[in-house]
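Biologist: Before we discuss any detail, please put the sequence and the coordinates up, so that we can go through the charged pairs and their surroundings together.

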Amino acid sequence: MHNETEDRIAKVIDLLRLEKDVIRNAEFAALPDLVARKEAALADLEGTPARLLLGVQQMALENQRLLDAALKGVQAVRKRLAEIRQSARSYQSYDAQGRARKIGPESGSVERRA
């Protein structure tokens with residue numbers, strides 16, 4: 001029975017290593033399938049003494065930290081892209097009195113010169 005438990009723990013550890021690689025390589029589309037496999041493998045560990053699962057817990061926490069960092073990176077990119085898009089539409093500047101003013105494309109007609 002002990003060997004069977006070790007095999008189940010090894011299976012979860014392999015999945016956690018795979019998950020870590022997936023996160024590091026930004027292959028996020030692979031995560032849903034991997035999560036389902038990991039949940040099934042973890043269900044097989046129900047009743048396993050906590051002392052045997054410390055390594056699994058540490059790996060899972062590390063993967064969570066990696067996911068959190070990836071999410072923060074994606075959010076930072078989205079914010080920066082929104083700023084770039086906004087600056088393409090208009091620009092914020094300050095006048096001589098320090099008041100903010102928006103400089104943007106002028107609405108109206110286009111002047112043609114010969």
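Biologist: Is Asp14 buried, exposed or partly exposed?

Modeller: This is a predicted model, and the class follows from the relative accessible area, where buried means under 20% and exposed means over 50%. The relative accessibility of Asp14 is 46%, so Asp14 counts as partly exposed.

Biologist: Which residue meets the side chain of Asp14 in a salt bridge?

Modeller: The partner lies, like Asp14, in helix α1, which covers residues 2-24, and the two are 3 residues apart, about one turn of the helix. With an N to O distance of 3.9 Å, the pair falls within the 4 Å that a salt bridge allows, and the residue that meets Asp14 is Arg17.

Biologist: How far apart in sequence are the parts that Lys38 and Glu19 tie together?

Modeller: Lys38 forms a salt bridge with Glu19, and their closest N and O atoms are 2.8 Å apart. Since Lys38 belongs to helix α2 (residues 31-43) and Glu19 to helix α1, the pair ties together parts whose separation in sequence is 19 residues.

Biologist: Are Lys38 and Glu19 buried or exposed?

Modeller: The cut-off for a buried residue is a relative accessible area under 20%. Lys38 has a relative accessibility of 17% and therefore counts as buried. Glu19, at 4% relative accessibility, likewise counts as buried.

Biologist: How many salt bridges does a search of the whole structure find?

Modeller: Side chains of opposite charge can pair when their charged atoms come close. Among the pairs is that of Glu83 and Arg80, whose side chains meet at 3.3 Å, N to O; both residues lie in helix α3 (residues 54-89), 3 residues apart, about one turn of the helix. Glu83 is partly exposed at 38% relative accessibility, and Arg80 is partly exposed at 48%. For the whole structure, the number of salt bridges found is 6.

Biologist: What span does α3 reach from its first C-alpha to its last?

Modeller: Helix α3 has 36 residues, and at 1.5 Å a residue the expected span is 52 Å. The model comes close to that expectation, with a reach of 53 Å.

Biologist: Which residues form a nonpolar patch on the surface?

Modeller: One member lies in helix α3, namely Leu81, which counts as partly exposed because its relative accessibility is 41%. In the same helix α3, by contrast, Val56, Asn63 and Leu66 are buried. The patch has about 240 Å² of accessible area together, and its residues are Val77, Leu81 and Ile84.

Biologist: Which backbone oxygen does the side chain of Thr48 reach?

Modeller: Thr48 is placed in the loop between α2 and α3, and its relative accessible area of 16% is why Thr48 is classed as buried. Leaving aside neighbours within four places in sequence, Thr48 is in contact with Thr5, Ile9 and Leu53. At 2.6 Å, its side chain reaches the backbone oxygen of Leu45.

Biologist: What pattern does the protein follow when read along the sequence?

Modeller: The protein has 3 helices and 2 strands, and of its 114 residues 18% are buried. Among contacts between residues at least 6 apart in sequence, 50% join residues at least 24 apart. Read along the sequence, the elements follow the pattern α-α-α-β-β.

Definitions and conventions:
Residues numbered from 1 in each chain as written. Predicted model: local features only at pLDDT ≥ 70, side-chain atom pairs only at ≥ 80, totals over all residues. Heavy atoms only, no water. Helix = DSSP H or I, 4+ residues; strand = E, 2+ residues; numbered from the N terminus. Buried < 20%, exposed > 50% of the residue type's maximum accessible area, 1.4 Å probe, protein only. Expected span 1.5 Å × (residues − 1). Contact = heavy atoms within 4.5 Å. Patch = residues over 30% accessible without salt bridge, like charges linked within 9 Å, V, L, I, M, F, W, Y side chains within 5 Å. Areas by Shrake-Rupley, 256 points an atom, 1.4 Å probe, with all protein chains shown as cover. Polar contact = N/O pair within 3.5 Å; in protein donor to acceptor, adjacent residues only side chain to side chain.
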